[in-house]
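I opened the file to look up how the strands are arranged. My notes follow the display.

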Amino acid sequence: MDFVASENSCLTWSGDCLVIGLLEEALPLTGMLADLNKQVSGLLQTLIDEAEFTGKAGSSATLRVGTETLTKIAVVGLGSSDQLKLEGLRRGAAAAARLGKREKVSTLGLSFPTWNNSPAHTTQALVEGIALATHQDLRFKSEPEKPKVELSTVYLLELPEQQPAITQAQQICDGVFLARELVNAPPNVVTPAKLAETAVDIARDHGLALEILEKEDCERLGMGAYLGVAQAS
């Protein structure tokens, strides 16, 4: 999946689905969101009214608009502004990603508030939320039928020049994915030797010093629980 740090706003972006991250205090619509509502012939307000959307954290709703620039528009609740933290942005972005998958769109535009006047932290949180929510470990499953439409590109609106934050988020997520895969693999696959090989690869790739303990070292250190699990593997 590609992430694009875009200078476009919710008023100028075009694509499959525009997702607005809404705080409770953003209702009723004012400013740019009121302008967006006019631009889509009042359908943003229609979506909010029909879904009885209040901006509550974890809530979401979608409506097809079918304009020349947008196919669908969606809202994701972020709760109150005084309680919004980076984890709230991650969860909101994850909800947006799941929504995009459910709605079978290939491009998603995210228009979320900037946390604590920090575009970098905001960008990183949004990328982490989407990447972690959409990651799938299919190593031990039969080949699934590939969907006709896959979410391929996410545009982070009004967050230009934030590629370093995107890269950092992706690196963090890669580490999480590796940890998930090690934990979720069966013991006959992730043996102590396999863990050691993984550690060697990480140390080599990142210039780290590494010490590997052999069975005798673990016995001398009294690592009985570890040795018991290792023996079962």
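These entries go from the sheet as a whole to one edge strand and then to a helix.

Entry one, the sheet. I am working with a predicted model. I traced an open sheet of six strands in the order E1-E6-E5-E2-E4-E3. The pairing is mixed. Strand E1 (2-5) and E3 stand at the edges with a single partner strand each, so one side of each has no neighbour in the sheet. I also looked up the twist: neighbouring strands are turned by 20 degrees against each other on average, direction ignored.

Entry two, strand E3. E3 covers residues 60-64, and its side chains alternate. I find Ala-61 and Leu-63 buried on one face. Ser-60, Thr-62 and Arg-64 point to the other face and are not buried. That fits the rule that side chains in a regular strand alternate between the two faces of the sheet.

Entry three, the hairpin. E3 pairs with strand E4 (residues 70-77) in the antiparallel sense, over five bridges. Which residue in E4 is the bridge partner of Ala-61? I get Val-75. Five residues lie between the two strands of the hairpin. In this hairpin, Gly-66 takes a positive phi near 60 degrees.

Entry four, the helix. I checked helix H4 (residues 119-134), which lies across E1, strand E5 (107-111) and strand E6 (153-156). H4 runs at about 160 degrees to E6.

Key: Residues numbered from 1 in each chain as written. Predicted model: local features only at pLDDT ≥ 70, side-chain atom pairs only at ≥ 80, totals over all residues. Heavy atoms only, no water. Buried < 20%, exposed > 50% of the residue type's maximum accessible area, 1.4 Å probe, protein only. Pairing = 2+ DSSP bridges. Axes fitted to C-alpha atoms, helices over the stretch in contact; angles between N-to-C directions. Contact = heavy atoms within 4.5 Å.
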